[in-house]
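Here is a friendly walk through one structure, written for someone who likes to check each claim against the coordinates. Have the viewer open as you read.

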Amino acid sequence: METHGKPLDIKWGEFKLGTSFFIPGVDQGKLVKDVRRETNQLRIPVIIRRVVERNVLGIRVWRTL
């Protein structure tokens, strides 16, 4: 997975329940699709929201049950 041409190395095994992270990116649809694909393959339940944080467009991903 990448954003703005830069690879993202998300350590899914260290993603703990109740925590979240932000991925900056203009193409939010592609980011959501990429995260959904990876989390579905790994069977990691998440909530994904399109957000603007500190004037930066991106997505926030929360780990759920």
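A residue is called exposed when its relative accessible area is over 50%, buried when that area is under 20%, and partly exposed in between. With a relative accessible area of 62%, Asp9 therefore counts as exposed. Please keep in mind throughout that this is a predicted model.

## Salt bridges

Let us stay with Asp9 for a moment. Its side chain meets that of Lys11 in a salt bridge, at 3.1 Å from N to O. Lys11 is partly exposed, its relative accessible area being 47%.

How many salt bridges are there by this rule? The count comes to 4. Three of them are set out below, with the accessibility of each partner in the text around the table.

| Salt bridge | N to O distance |
|---|---|
| Lys11 and Asp9 | 3.1 Å |
| Lys30 and Asp34 | 2.7 Å |
| Arg37 and Asp34 | 3.3 Å |

Asp34 appears with two partners, and Lys30, Asp34 and Arg37 are linked in a network of salt bridges. Asp34 and Lys30 are 4 residues apart in helix H1, which means that about one helical turn separates them. Asp34 and Arg37 are 3 residues apart in helix H1, and they too are separated by about one helical turn. The general geometry helps here: an α-helix has 3.6 residues a turn, so residues three or four places apart point the same way.

Is Asp34 buried or exposed? Asp34 is buried, with a relative accessible area of 5%. Its two partners are described otherwise: Lys30 is partly exposed at 41%, and Arg37 is partly exposed, also with a relative accessibility of 41%.

## Helix H1 and its two faces

The network brings us to the helix itself. H1 has 15 residues, and its first and last C-alpha atoms are 21 Å apart, close to the 21 Å expected at 1.5 Å a residue.

Which residues of H1 are buried? They are Gln28, Leu31, Val32, Asp34, Val35, Glu38 and Thr39. These buried residues span an arc of only 165° around the axis, so they sit on the same side of H1. What do they pack against? The buried residues of H1 pack against strand S1 (2-3), S3, strand S4 (46-53) and strand S5 (56-63). On the face turned away from this buried side, H1 carries the exposed residues Lys33, Asn40 and Gln41.

Thr39 makes a good close-up of the buried side. This residue lies in helix H1 and has a relative accessible area of 1%, so Thr39 is buried. Apart from neighbours within four places in sequence, Thr39 is in contact with Trp12, Ile44 and Val46.

The two ends of the helix are worth a look as well. Ahead of helix H1 (28-42), Val26 is placed in the loop that runs from strand S3 (20-24). After H1 comes Arg43, whose phi is positive, near 55°.

## A nonpolar surface patch

Val26 in that loop is exposed, with a relative accessible area of 59%. Together with Val52 and Leu57, Val26 forms a nonpolar patch on the surface, and the three have about 270 Å² of accessible area together.

## Two residues of strand S5

Strand S5 holds two residues that are useful for tracing contacts across the sequence. Arg60 has its place in strand S5 and is buried, with a relative accessible area of 17%. Not counting residues up to four places away in sequence, Arg60 touches Ser20, Phe21, Phe22, Ile47, Ile48, Arg49, Val51 and Glu53. Arg60 and Ser20 are 40 residues apart in sequence, while their C-alpha atoms are 6.7 Å apart in space.

Trp62 is also placed in strand S5, and Trp62 is partly exposed, at 31% relative accessibility. Leaving out residues up to four places away in sequence, Trp62 touches Phe15, Thr19, Ser20, Pro45, Val46, Ile47 and Arg49. Trp62 and Lys16 are 46 residues apart in sequence and 9.2 Å apart in space, C-alpha to C-alpha.

Key. Residues are numbered from 1 along each chain as its sequence is written. This is a predicted model: local features need pLDDT of at least 70, side-chain atom pairs count only at pLDDT 80 or more; totals for chains, interfaces and linings use all residues. Side-chain values use heavy atoms; hydrogens and water are left out. Patches are made of residues with over 30% relative accessible area and no salt bridge: like charges are joined within 9 Å, nonpolar side chains (Val, Leu, Ile, Met, Phe, Trp, Tyr) within 5 Å. Accessible areas come from the Shrake-Rupley method with a 1.4 Å probe; for residues, only the protein chains shown count as cover. Buried means under 20% relative accessible area, exposed over 50%, partly exposed in between (1.4 Å probe, protein chains only). Contact means heavy atoms within 4.5 Å. The expected span of a helix is 1.5 Å times one less than its number of residues. The arc is that of the directions from the helix axis to the C-beta atoms.
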